[in-house]
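Subject: The structure for you to look at

Hi there,

Here is the structure I promised to hand over to you. Have a look through it first, and then read on for what turned up.

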Amino acid sequence: MKHSPLLALALALAPGVASAAPSADARREIAQLIGSLDGSQCQFQRNGSWYGPADAHSHLQRKYDYLLKKDMVDTAEQFIERAASQSSMSGKAYRIRCPGQPEQTSAAWFGARLQALRQRTP
């Protein structure tokens, strides 16, 4: 069976298209989001238990690393949606509570942090 040169070219290029990596700006934003709880008095809830900033950082970094290996995250928005919003095991939404502020979903909290980062960065 003879394949067309166009099909061969498309097949050769397909892996490169499917495995796009986050840009330098996206990597910077994601690192800042993961570290945004560091040094705070905020707590991170997952699967019904509350965790401090160091445990939250570790957990989110592991999820991000996994998504990178699977080529499943290219933007900060994808990081929030796929790693920082809910448990991949139970499907339960993550929550964040900080002193003097109402408890909220982590998706809303990280979304606000991303917006603030972008407003500060020219």
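Below is a short tour of the side-chain links, the core and the rings.

Please keep in mind that this is a predicted model.

**The disulfide**

A good place to begin is the disulfide, as a search of the whole structure finds 1. In general, a disulfide is a covalent bond between the sulfur atoms of two cysteines. Here the partners are Cys42 and Cys98, with sulfur atoms 1.9 Å apart. Cys42 sits in the loop between α2 and β1 (43-46), while Cys98 sits in the loop between β3 (95-97) and β4 (104-105), so the bond ties together parts that are 56 residues apart in sequence. Which hand does this disulfide have? The torsion about the S-S bond is about 110°, so it is right-handed. Try finding the two cysteines in the viewer: Cys42 is buried, at 8% relative accessible area, and Cys98 is buried too, at 9%.

**The salt bridges**

Next come the charged side chains, where the count comes to 4 salt bridges. One of them joins Asp25 and Arg28, at 3.7 Å from N to O. Both of these residues belong to helix α2 (residues 24-34) and are 3 residues apart, about one turn of the helix. Asp25 has a relative accessible area of 49% and Arg28 has 30%, so both count as partly exposed.

Another salt bridge is formed by Glu29 and Arg118, at 2.9 Å from N to O. This pair links distant parts of the chain, with Glu29 in helix α2 and Arg118 in helix α5 (residues 106-120), 89 residues apart. Is Glu29 buried or exposed? Glu29 has a relative accessible area of 10%, so it is buried, since the cut-off for that is under 20%. Its partner Arg118 is partly exposed, at 36%. Glu77 comes into the picture as well: Glu29, Glu77 and Arg118 are linked in a network of salt bridges.

There is also a salt bridge between Arg95 and Glu103, whose closest N and O atoms are 2.7 Å apart. Arg95 is partly exposed at 24% relative accessibility, and Glu103 is partly exposed at 37%.

**The nonpolar core**

Now for the inside. The largest nonpolar core has 23 residues, and those that touch the most other members are Leu33, Leu37, Phe44, Phe79, Ile96 and Phe110. The elements that give two or more residues to this core are α2, α3 (53-69), α4 (76-82) and α5.

Phe44 is a nice residue to click on. Leaving aside its neighbours within four places in sequence, Phe44 is in contact with a list of residues that includes Leu37, Trp50, Tyr51, Leu60, Ile96 and Phe110. Polar and charged residues are on that list as well, among them Ser49, His59, Arg95 and Ser106.

Right beside Phe44 in the sequence is Gln45, which has its place in strand β1. Gln45 counts as buried, at 16% relative accessibility. With neighbours within four places in sequence left aside, the contacts of Gln45 are Trp50, Tyr94 and Arg95.

**The aromatic rings**

How many aromatic pairs does the structure hold? There are 3. One of them is Tyr64 with Phe79, an edge-to-face pair at 5.8 Å centre to centre, with 90° between the planes. Tyr64 belongs to helix α3 and Phe79 to helix α4, so the pair ties together parts that are 15 residues apart in sequence. Tyr64 is buried, with a relative accessible area of 7%, and Phe79 is buried at 0%.

Trp109 and Phe110 make another edge-to-face pair, with 5.1 Å from centre to centre and 90° between the planes. Both Trp109 and Phe110 are buried.

Finally, look for two arginines placed over rings. Arg46 lies over the face of Tyr51, at 4.6 Å from the ring centre. Arg97 lies over the face of Trp50, at 3.9 Å from the ring centre.

Enjoy exploring, and write back with any questions!

Best wishes

Note on methods:
Residues are numbered from 1 along each chain as its sequence is written. This is a predicted model: local features need pLDDT of at least 70, side-chain atom pairs count only at pLDDT 80 or more; totals for chains, interfaces and linings use all residues. Side-chain values use heavy atoms; hydrogens and water are left out. Helices (H or I, at least four residues) and strands (E, at least two) are DSSP runs, numbered from the N terminus. Buried means under 20% relative accessible area, exposed over 50%, partly exposed in between (1.4 Å probe, protein chains only). A nonpolar core is a set of buried Ala, Val, Leu, Ile, Met, Phe, Trp, Tyr and Cys residues joined through side-chain atoms within 4.5 Å. Contact means heavy atoms within 4.5 Å. A disulfide is a pair of cysteine sulfur atoms within 2.5 Å. Rings of Phe, Tyr and Trp (its six-membered ring) pair if their centres lie within 6.5 Å; planes under 30 degrees apart count as stacked, over 60 as edge-to-face and the rest as tilted. A charge sits over a ring if NZ of Lys or CZ of Arg is within 6 Å of the ring centre and within 35 degrees of the ring normal.
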